[in-house]
Amino acid sequence: MVITTSWDDGDALDERVADMLDRYGLRGTFYIARAHRPRRLSDESIRALATRHEIGAHTLNHPNLTRLDRVEKMKEIAGSKSWLEDIIGAPLAMFCYPLGLYDGETKRVVAEAGFRGARATGQFSVEPRRDRFAMRTTLQVHPVLFRYSTFGDLGRYLVRQRAFRGTGSTAFKISASMFRGWSGLANFLLAAAGLDDSHVFHLWGHSWEIEEHGMWRQCDAFLRSISELGCEAQTNGEICESLAAG
């Protein structure tokens, strides 16, 4: 299994997340918006972070892109790419849709801007999609477990993983403990997925929400536990390049 993580918005607390990832030998893609968080990473901090992890674009002003016309979409998407590339002095491969919202035109504009892939917010997935511009995730670090998904999404995930592992049963032992917090559910999803080489476990979140909800200890413990599995760690961009090559 490949382990990847991604972190949205570009809050100054992203540096604390990066320190945790470094401690456990994991990789992160940090999607940064120019004008969204009141304490955004400084340009100097972005340059330093780029030497350790991947930087991705997240628009200039964090709008709902589906409500913009094509010209405004291009300003937000291509503009954020140029802005960050000027800071780090290197090309960006990845984009992340604000609020996880996109449509067909938005995806086309992202590709035309020169990005290699884009991440959305769909959860409960460990099977990489061929569509590099609609990358799904496995779980968000957030106290509301189904913020971007439904219980039906979870059920479909479990059925797919049981079918993939070659058993005929769709009965799962679901305990109340897995719904007491995101980390319990994360461990459950990890166990359900197994360690198949074709799987990608994708954890994502916002550093400022980790702070707001007091989840640093949980996050540290889970990152430590997945690092002990001995899985390969990749950035979002590296996973998209693998999909493109395949």
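Phenylalanine 124 counts as buried, at 0% relative accessibility. In this predicted model, phenylalanine 124 sits in the loop between S5 and strand S6 (139-140). Its phi is positive, about 60°, although the residue is not a glycine. Threonine 59 can be read alongside it. Threonine 59 is another residue other than glycine with a positive phi, here near 75°. It belongs to the loop between S3 and H3, and its relative accessible area of 0% makes it buried. A positive phi also occurs at a glycine: glycine 114, which follows H4, has a phi near 105°.

These loops belong to a protein chain with nine helices and eight strands. The chain has 246 residues, of which 52% count as buried. Its accessible surface comes to about 10,600 Å², and carbon and sulfur atoms account for 49% of that surface. Among the contacts in the chain with a separation of 6 or more, 71% are between residues 24 or more positions apart.

Two of the helices show how buried residues are placed around an axis. An α-helix has 3.6 residues a turn, so residues three or four places apart point the same way. In helix H2 (residues 43-50), the buried residues are Ser45, Ile46 and Leu49. Because these residues cover an arc of only 100° around the axis, they are on the same side of H2. What do the buried residues of H2 pack against? Their partners are helix H1 (14-23), strand S2 (28-32), strand S3 (54-57) and helix H3 (70-88).

Helix H4 (residues 104-112) can be described in the same terms. Thr106, Val109 and Val110 are buried in H4. Viewed down the axis of H4, its buried residues fall within an arc of 100°, so they line one face of the helix. The buried residues of H4 pack against H3, strand S4 (94-96) and strand S5 (117-119). H3 is thus a partner for the buried residues of H2 and also for those of H4. Just after H4 comes glycine 114, with the positive phi already described.

Helix H8 (residues 216-227) takes part in two helix pairs, the first described here being with H1. The axes of H1 and H8 come within 10 Å and cross at roughly 25°. That angle is under 35 degrees, so H1 is roughly parallel to H8. H1 passes H8 in a right-handed crossing. On the H1 side, the residues in contact are Arg16, Val17, Met20, Leu21 and Arg23, and they meet Trp216, Cys219, Asp220 and Leu223 in H8. H1 is also one of the elements against which the buried residues of H2 pack.

The other partner of H8 is helix H6 (residues 182-193). How do the axes of H6 and H8 cross? They come within 10 Å and cross at roughly 15°, which means that H6 is roughly parallel to H8. The crossing of H6 and H8 is right-handed. Trp182, Ser183, Ala186, Asn187 and Leu190 in H6 meet Gln218, Cys219, Phe222, Ser225 and Ile226 in H8. Cys219 of H8 appears in both lists, as it is met by residues of H1 and by residues of H6.

How values were computed. Residues numbered from 1 in each chain as written. Predicted model: local features only at pLDDT ≥ 70, side-chain atom pairs only at ≥ 80, totals over all residues. Heavy atoms only, no water. Buried < 20%, exposed > 50% of the residue type's maximum accessible area, 1.4 Å probe, protein only. Helix = DSSP H or I, 4+ residues; strand = E, 2+ residues; numbered from the N terminus. Arc of directions from axis to C-beta. Contact = heavy atoms within 4.5 Å. Areas by Shrake-Rupley, 256 points an atom, 1.4 Å probe, with all protein chains shown as cover. Axes fitted to C-alpha atoms, helices over the stretch in contact; angles between N-to-C directions. Parallel < 35°, antiparallel > 145°, perpendicular 65-115°, else oblique. Left-handed = near helix turned anticlockwise from the far one by under 90°.
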